Amino acid sequence: MNHPTIYFWKQVPSLRLLVPFIAGILIQWYVPIPLKVLIISFLFIALAGLAFYILPQAYKFSLRWLQGIFVQLLLLVFGAGIVYNHDIVNNQLWIGNHYIDSSALLVTIKEPLVEKAKSYKALGAIEAVQIKGQWRQVKGNMLLYFKKDSLPPTVAYGTQIIFTKPLQKISNSGNPGAFNYQRFCAFQDIHHQAFIKQNEYVITGTTNVNALQQWLFNLRSNVIFTLQNYIYDDREEGVAEALLIGYRDDLDKDLVQAYSNTGVVHIIAISGLHLGMIYMVLVWLFNRFKKRKWIAWTKPIVILGVLWIFSLLAGAVPSILRSAVMFSCIILGEVINKKASIYNNLAVSAFAMLCFNPFYLWDVGFQLSYAAVLSIVTFMKPVYNWFYLNNKILDAIWKMNAVTISAQVLTLPIVLYYFHQFPNLFLITNFVIVPLSSIILFSELALLMVSGAPLLATWMGAMCSAMLRGMNNFIGYMNAIPFSVTENIRMSLPQAIVLAVFIMSLSYWMLRKHKNSLFVGLAAVFVFFVMKGTEIIFTTRQQKLIVYNVPQHTSIDFIYEDKFYFMGDSAVAADGFLKNFHLKSARTIFGIQPAVQLENLRITFPFVEFGQKKILLVDQPYRFQSSQKIPVDLIIIAKNPKLYISELTETFDCKQIVFDGSNALWKINQWKKDCDSLHLPHHSTADKGAFEMNL
C-alpha cells in the first residue's frame, strides 16, 4: 500500500515543478543574480544532468536521487531567468538607461483616457527618445496626466504625442505599512510619470493601434455605454460595470469599503467567481445530456468558448484572464485524463501563468484566487458532511454556505495580512449576495443582448437597477451593524506564514490522520503566540511621533504605548478614504487606538511638548521675538506659511525641520536650499515619506 504522502506527490507531479520555480522567482527578485551567472548555472546543471546518463547502470540506480535535484535546480534557475527577462530594467532599451532631463519623448497612448477629479489619466508606451537631435528607440511604460480643462478630444488610444516635460519617478507615499505603489507599477513596466498641459505636448498625427486591442476597447466602451444608458443611479451603475466587466473607475469609494467590510468585495472585482458562475451553469446544463455520445467533445469546446468569449467581453483584464487560464487547465485536464487530480491542474495553470508573467506571484488577486479554489477543493466535502439535510432546498442552502466556509480556510492568512480585518458576517452576506449577484450578472448579459430593442432594454435596465439598489442597500445595512467587521488586526508577513503552516498542518492531520502534521501545527501555533507576545511587549514600550505624507494635508500622530493622539486636518481625521488610505495601515501595524488625550502630551500652540521633546508647529506666518534663542527639538512646517528659514534659526535653536505634504513643492524646494546653506537637517515627506521620531 502506498504511503499517503508518496501517493499525493504522484497525483500532483506538477506541484513538484512549481515549488522550485516559485523559489527561483522569489530569489531573483529579492537577491538579483546577474544574467551571466544564471546562464552559466543553467548550462552547468544541464551538463551535469547529461553526464549522469553516461554513468554505469549500477551508479545511476544508487544515485537516482540526483536526477530529481538536477530537475529542481534547473527549474529554480529557469524561474530566476523568467524574472530577469520580464524586468524591463534589465533591458538595454529601457528608457531609464537613455533618458536625460527635458529630452523629447515619443509616446503612444495605450488605453482610453480615464477621467479623474482634476485630470485625465492614461497609460503611455515610450517609443523613442531624442538624443543630440537623433531619435533613439527605447522601451518602457509611463503614466500620463493631462490637465482636465484643456484636453483636446483627439487624444485617444493609439494617439502618438511628443513632449519635453521632465519625467518624474514613481514613488511610494512612504507612510508605515502603506501599499507599495512603486513596486505595483514596476511590475507593469511603469517607472515614470508626467503631468502635462495643452501647450506642453504635440500630437504627431500618427497612430500605433493594435487591431485586437482596439476591438476590445471598443467592445468595453459599448458595454459601459449600454449600462450607463439604462441604469440611471451612479452607485448602481458603478457596481454594474464592476460586476460585469471589472471596470472600477465609477465605483463609490465608501461603497467599496462597505463591500470589503462585509466580506463580499470579490463580487465587484471581476474574478474566478464570475467565470465560476458561468462554468457551473454550463456544466449543469451539459449534465442533463451526459448519456449522449456527442457530449464528450462538445462539452469542453462549448464551455471553453463561452468562458473565453466572456473574458474578452470583460475587456480581457488580467484578473479574468488568470481565471480563464485556470478553468481552461482544469477542463483540458479532464479531457486528457478523466482521473487527473484537480490539484495537478491547478499547479499546471499556476505554472503557465507565472511563465507568462512571474510578477503575478505578488498579485493579491492571484494569491486569493488559487488559495480560494484550493481551499474549496480540499474542504468543501468535509464541511458539507457536517450536516445531512433531507430537504433539497435546505441542502442547497447548506451547500452554498459550505462553499463559503471552505473558501475562508486557506484565504484567512492572506486576508488578515493584506487587509488587517475580518468580516464577521461573511456567511450571511455571501448567502444573500452570491446568488443575487449571479442573477444580476446574467440579467446584465441579457440587457446587452436586448440593447437593440429600446423598450425591452429599458425594462431590463429597470429590473437590474432595482436588484443592484437592493444589493447595495443590504450591504449598507449589514455594514452599519457595529460588529460587522473586526478591524485593525495586526498581522505581519512572518506571522501570516506561520498561521498558514498551522492551518495546513492541522488540516492535513484532521483529513489524513498524520501525527507528524499535528506536531508541526502545534509548533507553529507556539511560534505564532511567541511572535504575538513579543509584539505586545514592543507596543507597551513605544513612544513616537509620526508626520505622515498626505498630499495637501497635515497629519501628525503622537503615539504612547497603545494609544495615539491625532493633530491635523479634520478631512483626514474623518472616517473616510483619506484616513483609510494614508493612516489606517500605520495605526494597525503599531497596534494603537485613538485617545482623547495622552498623559505626557502638553499642547500650547504653536508649541507641543511630548515626553522630553519640544516641538514647534508652524502652520501660519507667526512673528517670534525672543532675546535669546529658544531650544526646540523639531520644527514642523505646514500649510505654506510665509517665512524664511533664516528667520526661524535666528529665533530657534533647532535640531531638525520637517516639511509635510500640505506645503507646495516649489516652496519646499526653496526651503530645502536654505536649510542646506545653513547646514540644518531637514526632511520632506513628499520626497522621503513619513517622518518618524522615537522618543
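Helices (H or I, at least four residues) and strands (E, at least two) are DSSP runs, numbered from the N terminus. This is a predicted model: local features need pLDDT of at least 70, side-chain atom pairs count only at pLDDT 80 or more, and totals for chains, interfaces and linings use all residues. Residue numbers start from 1 along each chain as its sequence is written, and side-chain values use heavy atoms, without hydrogens and water.

Helix H8 covers residues 234–245. Ten of its twelve residues are buried (under 20% relative accessible area, 1.4 Å probe, protein chains only). Among them are Val239, Ala242 and Leu244. Aspartate 233 caps the N-terminal end: one of its side-chain oxygens lies 2.9 Å from the backbone nitrogen of arginine 235. Just after H8, glycine 246 has a positive phi of about 75°.

The largest nonpolar core (buried Ala, Val, Leu, Ile, Met, Phe, Trp, Tyr and Cys residues joined through side-chain atoms within 4.5 Å) has 50 residues. Val239, Leu244 and Ile268 are among the members that touch the most others. Several helices give two or more residues to this core, including those tabulated here.

| Helix | Residues |
|---|---|
| H7 | 211–230 |
| H9 | 253–261 |
| H10 | 272–287 |
| H11 | 295–313 |

A second, separate core of 22 residues includes Ala122 and Val138.

Elsewhere, five strands form an open, mixed sheet in the order E15-E14-E13-E12-E24. E15 (593–594) and E24 (691–694) each have a single partner strand, so one side of each lacks a neighbour in the sheet. E14 (residues 563–568) pairs with E15 in the parallel sense over two bridges (DSSP must find at least two for a pair). Lysine 563 stands opposite glutamine 593 in E15.

How values were computed
Expected span 1.5 Å × (residues − 1). Polar contact = N/O pair within 3.5 Å; in protein donor to acceptor, adjacent residues only side chain to side chain.
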